[in-house]
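This briefing covers the ligand site and the empty spaces of one protein model. The points are grouped by topic.

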Amino acid sequence: MIRIKNIVLPFDHEPDALEREIPARLKINKSHLKGFSIFRKSLDARKKSQIKTVYTIDAEIQDEERWLSENQEDPNIGPSPDMVYHEPKPGSVPGLSPVIIGTGPCGLFAGLILAEAGLKPLLIERGKRVDERVRDVRQFWESGTLLPESNVCFGEGGAGTFSDGKLTTQIKDRRNRIRKVLTELVDCGADPEILYQAKAHIGTDHLIRIIQQIRDKILSLGGQVRFETRLTGLEIHQGRIIGIRVNDDEVVLANTAVLALGHSARDTYEMLHASGVSMEAKPFSLGVRIEHPQTLINQTQYGASHSHPRLGPAEYKLVSRCPDGRAVYSFCMCPGGKVIASSSEPGGVVTNGMSMHARHSKNGNSALLVNVDVADFGNSHPLSGVVFQKQWEAKAFVMGGRNYFAPVQRVGDFLAGKPSLSFGEVVPSYSPGVTPCDLRECLPGFVVEALAHAIPKMDQSLKGFAMADGLMTAVESRSSSPVRILRTDDFESQSIKGVYPAGEGAGYAGGIVSSAVDGIRVAEALLAKLNG
Ligand SMILES: Cc1cc2nc3c(=O)[nH]c(=O)nc-3n(C[C@H](O)[C@H](O)[C@H](O)COP(=O)(O)OP(=O)(O)OC[C@H]3O[C@@H](n4cnc5c(N)ncnc54)[C@H](O)[C@@H]3O)c2cc1C
């Protein structure tokens, strides 16, 4: 196969444009092109009057080797690299099955790799199966009845189940692990376009089905999954794990445990800290969800072509630096999505965002975050970041009315320094309900200052971002883990042998794909160890 990068076509090109463009780029007769597939497809909307689609293509042609040896001058053309994920060597099970705690992307992919290698991993999950979990989350969104063990953060599929399902990641991947994740998602029902879309997303409605398929695959390979089973203790002998305690009263013997806990398992962090598992406080970010009409974002990003069906709902990514050095940035933008209630414990309001696959809701929203350092926590205790998060989530709870309504302020009122009393053009999408207020009372002063500084600046890049009727919903506090569970270069806990901290909750990933990839890396390390 020959890889051709940077094929640029108008975004509304004819269906057969690539078939014409590829032979032209290779300077071959059209009949010598045997076939091609898209490796990457992205949109370039920097010039609104000339929006382009940019392709990377893998083409199969006649006399490929000869063509490649004779044509080496174009840096955008060369042999296609290997894109296959090479499975680790199968492992033998010396006695006990490896236990994986958590069935988010990290736990599921660690489990899948171990099951594919012939081990029979046991996955335990404090929450419920995804179908039951969906009912609990809907009930919370409708009535404000929060179940502390079954919510947007806890349950099968982990934190990203109710999400936009964006699959973008910044991580480097030389071993095709990202490809493995995407291929498995497609095998389990995701749209094959995710294999090449530069900004692929799945959507909550599709994710719910896909997660069940991944679980079924692990089960069919001999793995086990236990729901409503919470890790509550570690059994340790001479610095090595010999078992785990679940639901306070049952011991499961184990000499290997992968901690794929996610960023919200505060009780588990406490237990691990008390058990001597090394960890430290970690910086994260705090802020709000900001919401605009999706049509405004489309118009600003795509100009006159904004309603063309090929373009779909537009995204944005904004960054601004404040005079004191703090960064303010948009994160996890959900085009045509909803701001959602994501609390996982009583007495705290937490917001996040999600979209359905069609991204067809009226508003677009994104997190607008300010970076928070360990110095902001007041002390350097490993769990000081958790205490800091809780403090602001509790304030938001009180401001909202103590019923999981979220405090919301119009952007215009926020910038003018006055409380909101009602809303205008933009209708809040958050449920179970919202309370108009002054967000200054439930955000740290430095976050308020940073947001007030950044929003007008961001409006210069994205016209309308500071629209007076835009809405800010607080508090977005779970953008990443406030804790890092320390591990060695071999992925093992620095203090307890046989314990493998992994994924977002351990501080080694952020997002669906990077967490899944970290799960794969940890499973590979574990297999390498078992195989000596
Ligand atoms: C609303 C929302 C939207 C998001 N949108 C996106 C997006 O579009 N794209 C993206 O890339 N990322 C998104 N993210 C982030 C992404 O979901 C996380 O980065 C990812 O899920 C982390 O994976 P993980 O497996 O490490 O942890 P998690 O997914 O958090 O999974 C951890 C699992 O461990 C379980 N658990 C915790 N403690 C215990 C215990 N003691 N015993 C047993 N089980 C336990 C939890 O119930 C949970 O199921 C979103 C997150 C949220 C909350």
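An oxygen atom of the ligand sits 3.2 Å from a polar backbone atom of Pro 105. The model is predicted. With the protein in place, 96% of the 1000 Å² of accessible area that the ligand has on its own is covered.

**Ligand contacts**

- A second backbone contact involves Ala 260, where a polar backbone atom is 3.4 Å from an oxygen atom of the ligand.
- Glu 504 makes a side-chain contact: one of its polar side-chain atoms is 2.3 Å from a ligand oxygen atom.

**Shell around the ligand**

- The ligand is surrounded by 39 residues, and the closest of these are Glu 125, Ala 159, Glu 504, Gly 511 and Ile 512.
- By residue class, the shell holds 16 nonpolar, 17 polar and six charged residues.
- At least two shell residues come from each of helix H3 (105-116), strand S17 (351-354) and helix H12 (512-530).
- Domain 2 (99-281 + 481-530) and domain 3 (284-476) each contribute at least three residues to the shell.

**Largest cavity**

- The structure has one cavity of 30 Å³ or more, and the space in the largest cavity is about 130 Å³.
- Its lining consists of 14 residues, with Pro 105, Leu 185, Leu 207, Ile 211 and Ile 512 nearest the centre.
- Two or more lining residues come from each of H3, H5, helix H6 (204-220) and H12.
- The cavity lining has ten nonpolar residues, four polar residues and no charged ones.
- Pro 105 is among the residues nearest the cavity centre and also has the backbone contact to the ligand at 3.2 Å.
- Ile 512 likewise appears in both places, among the residues closest to the ligand and among those nearest the cavity centre.

**Second largest pocket**

- The volume of the second largest pocket is about 470 Å³.
- This pocket is lined by 20 residues, and those closest to its centre are Phe 39, Arg 40, Asp 173, Ile 178 and Leu 182.
- Strand S2 (33-44) and helix H5 (177-187) are the elements that give two or more residues to this lining.
- H5 provides the largest share, three residues, and H5 also gives two or more residues to the lining of the largest cavity.
- The pocket lining comprises eleven nonpolar, four polar and five charged residues.
- Domain 1 (2-79) and domain 2 (99-281 + 481-530) each supply at least three residues of the pocket lining.

Conventions: Residues numbered from 1 in each chain as written. Predicted model: local features only at pLDDT ≥ 70, side-chain atom pairs only at ≥ 80, totals over all residues. Heavy atoms only, no water. 1 Å grid on protein atoms, 1.4 Å probe; cavity = no way out; pocket = protein on both sides within 12 Å on 5 of 7 lines; lining within 4 Å. Points joined across faces, edges and corners; volume = space filled by probe spheres on them. Helix = DSSP H or I, 4+ residues; strand = E, 2+ residues; numbered from the N terminus. Nonpolar A, V, L, I, M, F, W, Y, C, P; charged D, E, K, R; others polar. Domains from an automatic or database assignment. Near = heavy atom within 4 Å. Polar contact = N/O pair within 3.5 Å; in protein donor to acceptor, adjacent residues only side chain to side chain. Areas by Shrake-Rupley, 256 points an atom, 1.4 Å probe, with all protein chains shown as cover.
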